[in-house]
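Biologist: Please take me through one part of this model in close detail. I would like to see how the sheet is built and what packs around it.

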Amino acid sequence: FKIGGRMTRKVKIGNIYVGGGQSVKVQSMCTVKTSRVDEVCEQIAALEDAGCEIIRVSVLDEEDAAAITAVKSRINIPLVADIHFSAKLAVAAIEAGCDKVRINPGNIGGEDKVKLVADCIRAHGIPVRVGANTGSIERQYLEKYGVSERSLVESALHSVAMLEKYGINNIVISVKASSVPLTVRSYRLLSRRTGYPLHIGVTEAGTYRAALVKSSVALGALLLDGIGDTMRVSITGDPVREIGAARDILRAVGLEKDFADVISCPTCGRCQWDSSGLAEEVSALVQNCRKPLKIAVMGCVVNGPGEAAEADIGIAGSKDYCVIFKKGKLLRRVPAAEARTEFLKEIKDLTDG
């Protein structure tokens, strides 16, 4: 399915798979403390409804670790426990039933602690995500290469080697940076160095507009290269917005097909009707459609049908009348006052049929 054709190891996370030719899985992370079970489950339910496929929760203390059992029983998607600095909490989270752990072997407490966690991971048969970001590069690589794609990748692979030493090979790797060029360079280098599945994302991407632009540029470039098995669009605030952004990126690069793609022109001085308003209305109407459709709302009849010749249904207008067309061929001409109603009726027939 991948554009670049890169094939990675297949890893099972709960009831789904990543890598090995599977679809790119969208994930997010809860912003609520895990021990507040009701609130966490409410947030996860909203994320599930939006299309989230993997959810990560933080484990800061024993109460968080213990809460994993209850949270797991109330959700339908795989649950990943995010632990740093404590092998004890990592073991507790695994024994509580998480589907995957995210750890940093370099800060878990030394060789004996890494072995303790690795043994527990292997005993429970779950995968683990390791990696590096620009704030967690191993000192030896930071001193040798500075903050660069080389230091990020070497640091991540060092963590992988620490786990492989104890028989762990169900591994997902990430190398995130807040810089878009560095993120792209790092994942491209990592993809040449390993066959493990990769979790892609831009870390600390910022608030909505900045995060959307940075993630679209970086993740779009990687996905078009065939790099990425699971992804997160990191946005400060409500994590539900991350899912819509991720889905839009997957759709833009052609990796998600079952949706209604609304195309519309930016309009110009030739436009003499409210095509912009209709485009917004149509987009809202079909946002939950799970059929592969293309719908066109064009500002004028000069070149509208020609530019949107592949549309399953389209409209182009003038001050007095609009034309409704299918696959570039005229369906009928209607008075401008009736165009909105007629066009929405055609869309409903397509989406309901």
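Modeller: Start with one pair of residues: Ser28 stands opposite Ile55 in E4. This is a predicted model. Ser28 belongs to strand E3, residues 25–29. E3 and E4 run parallel and pair over 3 bridges. Is Ser28 buried or exposed? Its relative accessibility is 1%, so Ser28 counts as buried. Beyond its neighbours within four places in sequence, Ser28 is in contact with Leu47, Cys52, Ile54, Ile55 and Arg56. Its contacts also include Arg232, Pro239, Glu242 and Ile243.

Now widen the view to the sheet. In what order do the strands come? The sheet is open and has 8 strands, in the order E8-E7-E6-E5-E4-E3-E10-E9. The pairing is parallel. E8, residues 171–176, and E9 stand at the edges. Each has a single partner strand, so one side of each lacks a neighbour in the sheet. As general background, strands of a sheet pair through backbone hydrogen bonds, either parallel or antiparallel.

Take the E8 edge. E7 and E8 run parallel and are joined by 6 bridges. On E7, Arg129 stands opposite Val172 in E8. How many residues of E8 are buried? The count is 6 of the 6, so E8 is largely enclosed by the rest of the structure. Its side chains split two ways. Ile171, Ile173 and Val175 point one way from E8. Val172, Ser174 and Lys176 point the other way, and all of these residues are buried. Helix H6, residues 149–164, lies across E7 (128–133) and E8. H6 runs at about 160° to E8.

Two residues outside E8 touch it. Val11 is in strand E1, residues 11–13. At 0% relative accessibility, Val11 is buried. Among the residues it touches, beyond four places in sequence, are Asn170, Ile171 and Val172. Val11 also touches Ile16, Tyr17, Val18, Pro127 and Pro197. From Val11 to Glu39 is 28 residues in sequence and 30 Å in space, C-alpha to C-alpha. The other residue is Thr203. Thr203 lies in the loop between strand E9 (199–200) and helix H8 (208–224). Thr203 is buried too, with a relative accessible area of 15%, which is under the 20% cut-off. Leaving aside neighbours within four places in sequence, Thr203 is in contact with Asn133, Lys176, Ala177 and Ser178.

Back to E4, and to a helix that it helps to cover. Helix H2 spans residues 62–73. Its buried residues are Asp64, Ala65, Ala67, Ile68 and Val71. Why do they line one face of the helix? Seen down the axis of H2, they fall within an arc of 160°, so they line one face. In general, an α-helix has 3.6 residues a turn, so residues three or four places apart point the same way. The face of H2 turned away from the buried side carries exposed residues, Ala66 and Ser73. What covers the buried residues of H2? The cover includes strand E4 (54–58) and strand E5 (79–82). It also includes helix H1 (37–50) and helix H3 (87–95). At the N-terminal end of H2, Asp61 acts as the cap. A side-chain oxygen of Asp61 lies 3.2 Å from the backbone nitrogen of Glu63.

Definitions and conventions. Residues numbered from 1 in each chain as written. Predicted model: local features only at pLDDT ≥ 70, side-chain atom pairs only at ≥ 80, totals over all residues. Heavy atoms only, no water. Helix = DSSP H or I, 4+ residues; strand = E, 2+ residues; numbered from the N terminus. Buried < 20%, exposed > 50% of the residue type's maximum accessible area, 1.4 Å probe, protein only. Contact = heavy atoms within 4.5 Å. Arc of directions from axis to C-beta. Polar contact = N/O pair within 3.5 Å; in protein donor to acceptor, adjacent residues only side chain to side chain. Pairing = 2+ DSSP bridges. Axes fitted to C-alpha atoms, helices over the stretch in contact; angles between N-to-C directions.
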